[in-house]
Amino acid sequence: MSLGKLPEKFRKLDLQQRQEQVRLTFNPEQEEWQAVAADSGLSDLADIMVESAIGSLPVPLGIATGFLIDGEKLSIPMAVEEPSVIAAASYAAKILNQGGGLSTWGGQSLMTAQIFLEGAAPEGEHQLRRREEQIGTLVDRIQPGMKARGGGFRGFELSRLPESDILVVGLRIDVRDAMGANALNTAAEGVKSEIESLSGGRAVMCILSNAARERRSGARFSLPVSKLSAAAAAGMEAEEVARRIVLASRIAEEDEQRAITHNKGIMNGISALVLATLNDTRAVEAAAHAWAARSGRYQPLSTYRLRGGSAESVGEQLLEGTIELPLAVGSLGGAVGFHPASRLALRVLGFPGAQRLARIAAAVGLAQNFAAVLALVTGGIQRGHMKYHAARLAYAAGARGKEVRRVAEAVANEGQYSPEAAAGILRRLRREGKA
Ligand code: NAD
């Protein structure tokens, strides 16, 4: 067997055989192999979750602390490989708590499944339009559990694609605490033949839309400007920090290139939480970016503005941050609540329902973005990032345990961000017995 080539029957092998093949073929180092396949229980779990599994990827998991969301104190589990994300989220929460934290809103768990019909004449379309109730009864019969839980069919929408003349049937379904992809696909496939015979068309395909436009959640905060003084860089007034945050918001509204990175900063928080709960990160990300571009121009998902003072802070301006986006996340279903790592994340959050989880995600996204914008308009983000870079250099140089921090501090103090410098510092500290 040539190196780098797995046998064609790879996916048909059992887990142990697949692992053996990977070891033989790629000859991984002990550390690499341990990182993904050391825990046989997790590998067994991966094996029933995905095809051709060989193990699990241990993405760093941390907890951002100190969030106050709708008056509830919360810790946020976050799975992310980027160094500064969790620290920044906790930092933002601490600042925003001085203004009462974040408040949120959200709608129902409404999703749409699409059935694409070709050859459906206008009479067929008309016939279908009159049978909404019949279709609804059928959808709810396919998934009686959803209806019993207060969810289920919520109507349909018919539209024509102008170029292909395809008739699109959009089934709107309340999926309650599920993300709903499987539930919707099952419903759509289940009613497909009925819809075909009512419309006289032929279904080309049917699947949920990840747009989730009716499943939006939002968050806002209102912070007296003076509370920004501790966050201000040396020589910068709190008012100037606030003015720059608002200006940064307007820049993102005007400049698409910046809006993309602005939103990436939001997704740093949202995707980390979505991944920690083992929700569908791709679905959430696709929906978020489509929503950002809904006007035809890619826009920031969050905005910041200054407003006049409140009753408690007469005369003082308030910095207000707002976010809203589609968030199709479940508190059960798929891997959510099934994989023990997901259950741990849900436990940390106090086992929220799907709508609550979505609102928490919106709040985390806003806080994450606030931390990034705040850093950008004051000292810049590199200062924080370099700290983590130094820690990685120390680790790569061989530092372990407490040594990592000591070497990283020395790397940062000396401004020597290179592997050689980190190795030299480690040797020196060990020699001096200070490591
Ligand atoms: P699922 O198939 O596990 O369905 C949820 C289950 O939970 C249903 O059986 C439902 O009856 C049950 N349930 C129990 N209590 C419930 C409650 N309170 N509210 C709602 N349902 C309750 O999961 P799903 O959410 O339908 O689908 C999610 C999965 O589908 C994810 O793994 C996702 O990655 C995957 N998927 C996604 C896409 C996509 O395009 N995004 C496409 C296909 C599959």
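This passage describes the surroundings of the ligand in a predicted model.

The space taken by the ligand is the largest pocket. Domain 2, made up of residues 66-105 + 216-379, contributes residues to the shell around the ligand, and so does domain 3, residues 110-209; the ligand therefore lies between the two domains.

The shell consists of 19 residues. Among these, G180, N182, A183, N210 and G334 are the closest to the ligand. Helix α8, which spans residues 181-199, supplies 4 residues, the largest share of the shell. Sorted by class, the surrounding residues comprise 9 nonpolar, 6 polar and 4 charged ones.

Polar contacts to the ligand involve both side-chain and backbone atoms of the protein. At R149, a polar side-chain atom is placed 3.1 Å from a nitrogen atom of the ligand. The side chain of D280 has a polar atom 3.0 Å from a ligand oxygen atom. At M179 the contact is made through the backbone, where a polar atom lies 3.2 Å from an oxygen atom of the ligand. On its own, the ligand has 870 Å² of accessible area, of which the protein covers 67%.

Notes:
Residues are numbered from 1 along each chain as its sequence is written. This is a predicted model: local features need pLDDT of at least 70, side-chain atom pairs count only at pLDDT 80 or more; totals for chains, interfaces and linings use all residues. Side-chain values use heavy atoms; hydrogens and water are left out. A residue is near a molecule or strand if one of its heavy atoms lies within 4 Å of it. A polar contact is a pair of N or O atoms within 3.5 Å; within protein, one must be able to donate a hydrogen and the other to accept it, and residues adjacent in sequence count only if both atoms are side-chain atoms. Accessible areas come from the Shrake-Rupley method with a 1.4 Å probe; for residues, only the protein chains shown count as cover. On a 1 Å grid over the protein atoms alone, a cavity is a set of points where a 1.4 Å probe fits but cannot get out, and a pocket is an open set with protein on both sides within 12 Å along at least five of seven lines; lining residues have an atom within 4 Å of a point. A molecule sits in a cavity or pocket if more than half of its atoms lie within 2 Å of its grid points. Helices (H or I, at least four residues) and strands (E, at least two) are DSSP runs, numbered from the N terminus. Ala, Val, Leu, Ile, Met, Phe, Trp, Tyr, Cys and Pro count as nonpolar, Asp, Glu, Lys and Arg as charged, and the others, Gly among them, as polar. Domain bounds come from an automatic or database domain assignment.
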